[in-house]
Amino acid sequence: MYKVELYKELYFKAVRSGGAGGQHVNKVSSKVMLFWNLNDSKLFREEEKTQLENRLGNNLSKDGILILVCEETRSQIKNKEIVVQKFFNQIKRALVQQKIRKETKVPKSVIRKNQESKKKSSLKKALRKRII
């Protein structure tokens, strides 16, 4: 894939993590935000961009910017690695072409088997009736 070229298009920002913490959390910016502009990307063709836009629709802003956040660890470097990995996984999943489902017929043997089982159960229930 174009990992190196795509990595050059990414923009990172480190900010302070939210939530409860101690003295350390108030001074360190360990949360990493990743920004990628889909519209300005030079690596993908127009049809790939539309496919990415359709698949990543909920994660894209109105301007076509993908924003991913990671604050899992206390290390900014590890958070950056995690968010980059998330980014590449999302792009890879979004670019995979889904196979077109072919409808298949129900085999005749299965139809026959179903009919036989229905006949058996109807005969069983018919024998339960009171004979007049």
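Visitor: Which are the buried residues of helix H2 (residues 46-55)?

Guide: In this predicted model, the buried residues of helix H2 are Glu48, Lys49, Gln51 and Leu52.

Visitor: What makes these buried residues line one face of the helix?

Guide: Looking down the axis of H2, one finds its buried residues within an arc of 160 degrees, so they line one face of the helix. On the other side of H2, Glu46 and Asn54 are exposed, while what covers the buried residues includes strand S2 (31-37) and helix H3 (76-95).

Visitor: Why is Ser30 called buried?

Guide: The relative accessible area of Ser30 is 8%, and the term buried applies under 20%, so Ser30 counts as buried.

Visitor: Where does Ser30 lie, and which residues does Ser30 touch, not counting those up to four places away in sequence?

Guide: Ser30 sits in the loop between strand S1 (11-15) and S2. Leaving out residues up to four places away in sequence, Ser30 touches Val15, Ser17, Cys70, Thr73, Arg74, Ser75, Gln76 and Asn79.

Visitor: Why does Val110 count as partly exposed?

Guide: Val110, which lies in helix H4 (residues 108-128), has a relative accessibility of 35%; because partly exposed covers what falls between the 20% limit for buried and the 50% limit for exposed, Val110 is placed in that class.

Visitor: Which residues form a nonpolar patch on the surface with Val110?

Guide: Val106 and Ile111 form the patch together with Val110, and the accessible area of these residues together is about 230 Å². A patch takes residues with over 30% relative accessible area, and the 35% of Val110 therefore meets that cut-off.

Key. Residues numbered from 1 in each chain as written. Predicted model: local features only at pLDDT ≥ 70, side-chain atom pairs only at ≥ 80, totals over all residues. Heavy atoms only, no water. Patch = residues over 30% accessible without salt bridge, like charges linked within 9 Å, V, L, I, M, F, W, Y side chains within 5 Å. Areas by Shrake-Rupley, 256 points an atom, 1.4 Å probe, with all protein chains shown as cover. Salt bridge = Lys/Arg side-chain N within 4 Å of Asp/Glu carboxyl O. Helix = DSSP H or I, 4+ residues; strand = E, 2+ residues; numbered from the N terminus. Buried < 20%, exposed > 50% of the residue type's maximum accessible area, 1.4 Å probe, protein only. Arc of directions from axis to C-beta. Contact = heavy atoms within 4.5 Å.
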